[in-house]
Amino acid sequence: MHRPGFGGLALAVILVACGGHEPVSIPPGATEVHIELGAEHVELAPASVPAGNVYLVLDGPGQGWELVSRGSVATEERSPLDAAQVERVRAGDLQSTTIELFQVTCAPDAWTAASRWEGCGNVTRLALRPGLYLIRPPGGEPGVVVPSAVLEVEG
């Protein structure tokens with residue numbers, strides 16, 4: 001059975017765990033993007049950053065997020081989406097995209113409004129090239145519209 005949106009789809013699962021992994025430290029002056037995920041929204045602060053190493057910080061309350069781009073996860077060569085691809089992905093068409101899942105593994109009750117996911121492996125460092133990347137909650141399937149936010153990486 002052919003399912004629309006699966007052609008050219010690559011999926012990588014990257015678990016950012018509470019234990020057993022080196023925590024990612026954010027150096028002073030580094031570029032940070034804070035991700036807040038709710039049932040019906042995704043907010044990025046800021047939504048536009050310079051190209052290079054970007055530290056993505058999951059503030060919650062969701063336990064994970066997906067980065068949608070083009071490129072090969074195997075070689076860690078991410079390519080940005082263009083505006084038309086962003087709109088197609090937002091409409092549920094995942095064809096020719098790569099989806100990376102980043103997730104904390106602390107129990108859901110570890111999150112609080114005061115501490116958020118601090119200490120639970122909530123920081124991820126990615127090298128991003130200029131263009132558009134989509135950030136959304138995990139679990140979106142082809143043909144299903146999920147909330148998302150666009151991260152613009154400037155060159």
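These are my notebook entries on a few features I looked up in this structure.

**Starting point**

I am working from a predicted model, so I treat each entry as a reading of that model.

**Entry: the disulfide**

I began with the cysteines and found one disulfide. Cys106 and Cys120 form the bond, and their sulfur atoms sit 2.4 Å apart. I then looked up where the two cysteines fall in the chain. Cys106 and Cys120 are both placed in the loop between β8 (98-103) and β9 (123-128), 14 residues apart, and the pair counts as a link between distant parts of the chain.

Which hand does this disulfide have? The torsion about the S-S bond of Cys106 and Cys120 is about -105°, so I noted the disulfide as left-handed.

Next I asked whether Cys106 is buried or exposed. With a relative accessible area of 10%, Cys106 is buried, because buried means under 20%. Cys120 has 7% relative accessibility, so I put Cys120 down as buried too.

**Entry: the open sheet**

I traced an open sheet of four strands next, in the order β3-β2-β5-β9, and its pairing is mixed. Which strands stand at the edges? They are β3 (42-45) and β9, each with a single partner strand, so one side of each has no neighbour in the sheet. From one strand to the next, the twist averages 25°.

I also followed one pairing in this sheet in detail. Strand β5 (residues 52-61) and β9 run antiparallel and are joined by six bridges. For a landmark on screen, I picked Gly52, whose bridge partner in β9 is Leu128.

**Entry: backbone oddities**

Before this check I reminded myself that most residues other than glycine have a negative phi, and that most peptide bonds are trans. Here are the spots I wrote down.

The peptide bond from Ala45 to Pro46 is cis, with omega near -5°. Pro46 belongs to the loop between β3 and β4 (48-50).

Ser96 is not a glycine, yet Ser96 has a positive phi of about 60°. I found Ser96 in the loop between α1 (83-90) and β8. The relative accessibility of Ser96 is 41%, so Ser96 counts as partly exposed.

Gly92 also has a positive phi, of about 100°, and comes just after α1.

**Entry: helix α1**

I went on to the helix itself, starting from its N-terminal end. What caps that end of α1? Asp82 does: one of its side-chain oxygens lies 3.1 Å from the backbone nitrogen of Ala84.

Then I looked at burial along α1, where Gln85, Val86 and Val89 are buried. These residues cover an arc of only 105° around the axis, which means they lie on the same side of α1.

**Entry: the aromatic pair**

My last search was for aromatic rings that pair, and the count came to one aromatic pair. Trp65 and Phe102 form this pair, with 4.5 Å centre to centre and 20° between the planes, and the arrangement is stacked. The two residues come from distant parts of the chain: Trp65 is in strand β6 (residues 64-72) and Phe102 is in strand β8, 37 residues apart.

Are these two rings on buried or exposed residues? Trp65 is buried, and Phe102 is buried as well.

Terms used
Residues numbered from 1 in each chain as written. Predicted model: local features only at pLDDT ≥ 70, side-chain atom pairs only at ≥ 80, totals over all residues. Heavy atoms only, no water. Disulfide = S-S within 2.5 Å. Buried < 20%, exposed > 50% of the residue type's maximum accessible area, 1.4 Å probe, protein only. Pairing = 2+ DSSP bridges. Axes fitted to C-alpha atoms, helices over the stretch in contact; angles between N-to-C directions. Arc of directions from axis to C-beta. Polar contact = N/O pair within 3.5 Å; in protein donor to acceptor, adjacent residues only side chain to side chain. Phe/Tyr/Trp six-rings, centres within 6.5 Å; stacked < 30°, edge-to-face > 60°.
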